[in-house]
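Me: Please take a close look at one part of this model and follow its neighbours through the rest of the chain. I would like the cut-offs stated along the way.

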Amino acid sequence: RFRVHGLVVKYLRMYEPIAREKKIQLNISGYSITEVFYNSNAVSIIPQTFIDNAIKYSPQNEQVTIYVNDEPGYIDFSVTSYGPKINDDELEKIFQAFYRGREVGEEEGAGYGLYIAQMVAVNHIDAKIEVRQNTKMPGRNLYNTIFSIKIPQNLEGRKK
């Protein structure tokens, strides 16, 4: 049993030096004290992947916003940043093994982080990672990108 908020803070601390090097401001908001009963080693891939990708694909001098909040029946977790365009035909493909978006440029990556995170979400916590993009940053080819998941608080009747 563990707190999702604790996992998020752990990965924020791990990625702070990389963010500082890129001059990316990390912000965390929300309020979560709920403990969940899942395999924390498996679930930890979700915040790690969200935070890693947000920092990796954000340009210098930007910000990454992490939100983790208790809601009735679930914990709402999301990471928002500006990054490359995810084309409409790629919204599901980015969760396939070794697929990398066409617009990611020269950033390093193997294309398995979101695949594993989605596999853990679906197979271990009966949830699904969602991605959406909206506003384009004026004058730049960057889009406001939000990766989110609703983590069920109760294991009863759920996959383990």
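In which sense do β5 and β7 pair, and over how many bridges?

Reply: The model is predicted, so local features are given where pLDDT is at least 70 and side-chain atom pairs where it is 80 or more, while totals for chains, interfaces and linings use all residues. Residues are numbered from 1 along each chain as its sequence is written, and side-chain values use heavy atoms, with hydrogens and water left out.

β5 and β7 run antiparallel to each other and share ten bridges. Strands here are DSSP runs of E with at least two residues, helices are runs of H or I with at least four, and both are numbered from the N terminus. Two strands count as paired if DSSP finds at least two bridges between them. β5 covers residues 74–83 and β7 covers 143–152. One of the bridges joins Y82 to N144 in β7.

β7 has a second partner, β6, which pairs with it in the antiparallel sense over five bridges. There, K136 is bridged to Y143 of β7. β6 and β7 form a hairpin with six residues between them, and G139 in the turn has a positive phi of about 75°.

The loop of this hairpin also takes part in a salt bridge, that is, a side-chain nitrogen of Lys or Arg within 4 Å of a carboxyl oxygen of Asp or Glu. R140 pairs with E62, with 3.8 Å between the closest N and O atoms. E62 is in the loop between α3 and β4, whereas R140 is in the loop between β6 (130–136) and β7, so that 78 residues separate the two along the chain. Buried means under 20% relative accessible area, exposed means over 50%, and partly exposed is in between, for a 1.4 Å probe and protein chains only. E62 is buried at 18%, and R140 is partly exposed at 37%.

As for its cover, β7 has nine buried residues out of ten. One of its residues, F147, is buried with a relative accessibility of 11%. F147 belongs to one aromatic cluster with F50 and F77. Rings of Phe, Tyr and Trp (its six-membered ring) are taken as a pair if their centres lie within 6.5 Å; planes under 30 degrees apart count as stacked, over 60 as edge-to-face, and the rest as tilted. This rule gives two aromatic pairs. The F50 and F77 rings have centres 5.3 Å apart and planes at 5°, so they are stacked. Because F50 is in helix α3 and F77 in strand β5, this pair ties together parts 27 residues apart in sequence. F50 is buried at 2% relative accessibility, and F77 is buried at 1%. The second pair, F50 with F147, is tilted, at 5.8 Å centre to centre and 45° between the planes. It connects helix α3 with strand β7 across 97 residues of sequence.

F77 and F147 also appear in the largest nonpolar core, which has 39 residues; I46, F77, I125, F147 and I149 have the most contacts inside it. α1 (4–21), α2 (40–43), α3 (45–57), β4 (63–71), β5, α4 (113–124) and β7 each supply at least two of its residues. α1 gives the most, with seven residues. Such a core is a set of buried Ala, Val, Leu, Ile, Met, Phe, Trp, Tyr and Cys residues joined through side-chain atoms within 4.5 Å.

α3, the helix that holds F50, is mostly covered as well, with ten of its 13 residues buried. Among them are I45, I46, I51, A54 and Y57. The helix reaches 18 Å from its first C-alpha to its last, close to the 18 Å expected, where the expected span is 1.5 Å times one less than the number of residues. Within α3, D52 and K56 are four residues apart, about one turn of the helix, and they form a salt bridge with 3.5 Å between the closest N and O atoms. D52 is partly exposed, at 23%.

In α1, which contains L7, that residue is buried at 10% relative accessibility. Leaving aside residues up to four places away in sequence, L7 touches F2, S40, V43, S44 and P47, a contact being heavy atoms within 4.5 Å. One of these, P47, is among the buried residues of α3.
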